[in-house]
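Me: Got a structure open here and want to talk it through. Mind if I fire some quick questions at you?

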Amino acid sequence: MELRVLQYFLVVAREENITKAASLLHITQPTLSRQLMSLEEELGVKLFCRGKHNIVLTEDGMLLRRRAQEIVDLTEKTAKELTHGEEAVSGEISIGCGETQNMKPLAEIMASFQRKYPDVSFHIYTAIADDVKERLENGTLDMGLLLEPVEISRYHYVRMPLREKWQVLMRRDSRLAKREKIRPEDLAGVPLIMARRQSVRNQLENWFGYDREKLCIVSTCNISHYNQSVMVESGIGMALVMDFSCNQETLCMRPFDPKIESGCVLVWKKNLTLSPVIKRFIEYTKEYLELT
């Protein structure tokens with residue numbers, strides 16, 4: 001597979017129209033069609049379902065789009081890193097993040113770093129920890145901001161300053177909204193919206209202890225406080241969430257009792273040759289956190 005052909009494939013997958021894609025790529029439609037057919041022959045799979053006016057990806061095509069995007073991103077990232085001199089503090093830093101309050105101190109570090117090194121830019125990818133770790137492994141992310149519990153034996157890390165507190169997000173007209181804290185027995189039989197990530201679910205289920213069999217899980221979510229808020233407001237259930245700034249008049253949060261707190265770490269892969277800009281950002285982050 002040629003990188004150029006993968007780039008062609010990604011444009012066609014995005015536009016879902018060969019004529020438009022050919023125009024954007026500044027090549028003829030027949031040439032682009034031949035390139036796509038050759039790619040299908042090389043891989044031995046059908047990548048597109050072709051209609052009169054548009055084409056859509058098959059399941060194999062969707063898999064290739066994901067992998068092709070990773071290959072193209074990694075190629076561009078490598079080229080940028082090699083372009084800069086050894087002493088230059090410039091380039092792009094890619095960080096994967098979950099929804100966490102520790103994004104605030106990380107953003108402060110990023111802003112301070114950019115003031116000192118204005119030729120540095122940041123790319124932020126928001127996802128759950130499992131997705132972030134996968135991208136760290138394939139090299140499309142440099143660093144990850146991960147909520148614990150997480151297996152970090154493969155990573156170096158710095159611990160972020162804020163502790164994340166678990167809360168129950170509910171409507172203000174709920175009977176439990178009158179309580180200052182929520183105990184496990186209070187949620188017996190209550191429809192709940194819970195994190196999809198298994199390690200987090202295990203942590204929450206352990207909090208319920210002997211009452212875990214009484215859990216009524218009506219929905220799971222990977223990430224997005226906004227989506228969870230909409231679901232709670234609609235009456236689907238109460239959500240078990242990390243503390244965040246909930247400004248909606250119809251919703252409120254109450255802390256767990258006994259409380260659960262989670263740490264947060266900024267990680268990067270062990271045994272990996274780091275670019276100058278990544279090395280400097282790691283040093284800067286450690287220095288910044290020591291001073292605050």
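Me: Let's start with a side chain. Is lysine 20 buried, partly exposed or exposed?

Reply: Lysine 20 is partly exposed, at a relative accessible area of 48%. Keep in mind that this is a predicted model.

Me: OK, and what does lysine 20 meet in a salt bridge?

Reply: Glutamate 15, with 3.4 Å from N to O. Glutamate 15 also forms a salt bridge with arginine 14, where the closest N and O atoms are 2.9 Å apart.

Me: Is arginine 14 buried or exposed, then?

Reply: Exposed: the relative accessible area of arginine 14 is 56%. That counts as exposed because the cut-off is over 50%.

Me: How many salt bridges turn up in the whole structure?

Reply: The search finds 22. There's also a network of them linking Arg66, Arg67, Glu70 and Glu134.

Me: What about arginine 154, which residue does that one form a salt bridge with?

Reply: With glutamate 137, and the closest N and O atoms are 2.9 Å apart. Arginine 154 sits in the loop between strand 5 and strand 6, while glutamate 137 belongs to helix 6 (residues 129-138), so the pair ties together parts 17 residues apart in sequence. As for glutamate 137, it's partly exposed, with a relative accessible area of 32%.

Me: Switching topic to the sheet. In what order do the strands come?

Reply: The order is 4-3-5-13-6, five strands in an open sheet with mixed pairing. At the edges you have strand 4 (120-126) and strand 6 (155-159), each pairing on one side only. On average, neighbouring strands are turned by 25° against each other, ignoring direction.

Me: And strand 5 with strand 13, parallel or antiparallel?

Reply: Antiparallel, with four bridges joining strand 5 (residues 143-147) to strand 13 (residues 264-269). If you want a spot to look at, leucine 147 stands opposite cysteine 264 in strand 13.

Me: Which strands does helix 5 touch?

Reply: Helix 5 (residues 103-116) packs on the sheet and touches strand 3 (91-97), strand 4, strand 5 and strand 13. The direction of helix 5 makes about 160° with that of strand 4.

Me: Same question for helix 9: which strands does it touch?

Reply: Helix 9 (residues 276-291) packs on the sheet too, touching strand 3, strand 4, strand 5, strand 6 and strand 13. Its direction makes about 60° with that of strand 3.

Notes: Residues numbered from 1 in each chain as written. Predicted model: local features only at pLDDT ≥ 70, side-chain atom pairs only at ≥ 80, totals over all residues. Heavy atoms only, no water. Pairing = 2+ DSSP bridges. Helix = DSSP H or I, 4+ residues; strand = E, 2+ residues; numbered from the N terminus. Axes fitted to C-alpha atoms, helices over the stretch in contact; angles between N-to-C directions. Contact = heavy atoms within 4.5 Å. Salt bridge = Lys/Arg side-chain N within 4 Å of Asp/Glu carboxyl O. Buried < 20%, exposed > 50% of the residue type's maximum accessible area, 1.4 Å probe, protein only.
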